[in-house]
Amino acid sequence: MDNKYVDLHMNSKASDGTDSIQGLLLKIQETGIKTFALTDYDTIKGVLEIQETVPAGITFIREVEISCNF
């Protein structure tokens with residue numbers, strides 16, 4: 001598998017991103033990204049939605065950023 005194009009930190013509208021899940025997938029395909037991670041803040045809503053629609057040949061990594069106070 002050619003992983004020349006990788007993006008390990010993307011955000012969707014589920015947190016502070018500007019793209020819907022479908023819009024994000026379209027951009028991923030248009031730019032030739034072969035491996036990506038969806039890393040929304042304090043929610044897995046986007047991960048649950050996108051994992052059902054990732055096209056064959058693209059590797060998806062599930063991530064989440066958790067806010068914390070100490």
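Okay, one bit of vocabulary before we start: when I say helix or strand, I mean a DSSP run, H or I over at least four residues for a helix and E over at least two for a strand, numbered from the N terminus. With that in place, Asp42 sits in the loop between S2 and H2, and we'll come back to that residue. Also, keep in mind that this is a predicted model.

So, the overall picture. The protein chain has two helices and three strands, and from the N terminus on they run β-α-β-α-β. How does the radius of gyration of the protein chain sit with a compact globule? A compact globule of 70 residues would come out near 11 Å, and the protein chain has 12 Å, so the two agree. If you prefer box dimensions, the C-alpha trace spans about 40 × 20 × 20 Å along its principal axes.

On burial, 31% of the 70 residues count as buried. The exposed surface of the protein chain is about 4,600 Å², and carbon and sulfur atoms supply 53% of that. For contacts, take the pairs at least 6 apart in sequence: 67% of them join residues at least 24 apart. And for the electrostatics people, there are 6 positive and 11 negative charges, with their mean positions 6 Å apart.

Now let's look at helix H1, residues 21–31. Which residues of H1 are buried? They are Ile21, Leu24, Leu25 and Ile28. These four cover an arc of only 100 degrees around the axis, which puts them on the same side of H1. Here's the textbook background: an α-helix has 3.6 residues a turn, so residues three or four places apart point the same way. What covers the buried residues of H1? The cover includes strand S1 (6–10), strand S2 (35–41) and H2. Right after H1 comes Gly32, with a positive phi near 80 degrees.

That brings us back to Asp42. Asp42 also has a positive phi, about 60 degrees, although it is not a glycine. Is Asp42 buried, partly exposed or exposed? With 46% relative accessibility it counts as partly exposed, because that class lies between 20% and 50%.

Next, Lys13, in the loop between S1 and H1. Lys13 has a relative accessible area of 55%, so it is exposed. Leaving out neighbours within four places in sequence, Lys13 is in contact with Thr18, Asp19 and Ser20. If you want a distance to check, Lys13 and Gly23 are ten residues apart along the chain, and their C-alpha atoms are separated by 9.9 Å.

Two glutamates to finish. Glu49 is in helix H2, residues 45–50, and it is partly exposed at 41% relative accessible area. From Glu49 to Phe36 you go 13 residues in sequence and 15 Å in space, C-alpha to C-alpha.

The other one is Glu65, in strand S3, residues 59–65. Glu65 is partly exposed too, with a relative accessible area of 28%. What does Glu65 touch, not counting residues up to four places away in sequence? The answer is His9, Thr39, Asp40, Tyr41 and our friend Asp42. Glu30, by contrast, is 35 residues from Glu65 in sequence and 26 Å away in space, again C-alpha to C-alpha.

That's my tour. Over to you.

Definitions and conventions: Residues numbered from 1 in each chain as written. Predicted model: local features only at pLDDT ≥ 70, side-chain atom pairs only at ≥ 80, totals over all residues. Heavy atoms only, no water. Rg over C-alpha atoms; globule rule 2.2 N^0.38 Å. Buried < 20%, exposed > 50% of the residue type's maximum accessible area, 1.4 Å probe, protein only. Contact = heavy atoms within 4.5 Å. Areas by Shrake-Rupley, 256 points an atom, 1.4 Å probe, with all protein chains shown as cover. Lys, Arg positive; Asp, Glu negative; His and termini not counted. Charge placed at Lys NZ, Arg CZ, Asp CG, Glu CD. Arc of directions from axis to C-beta.
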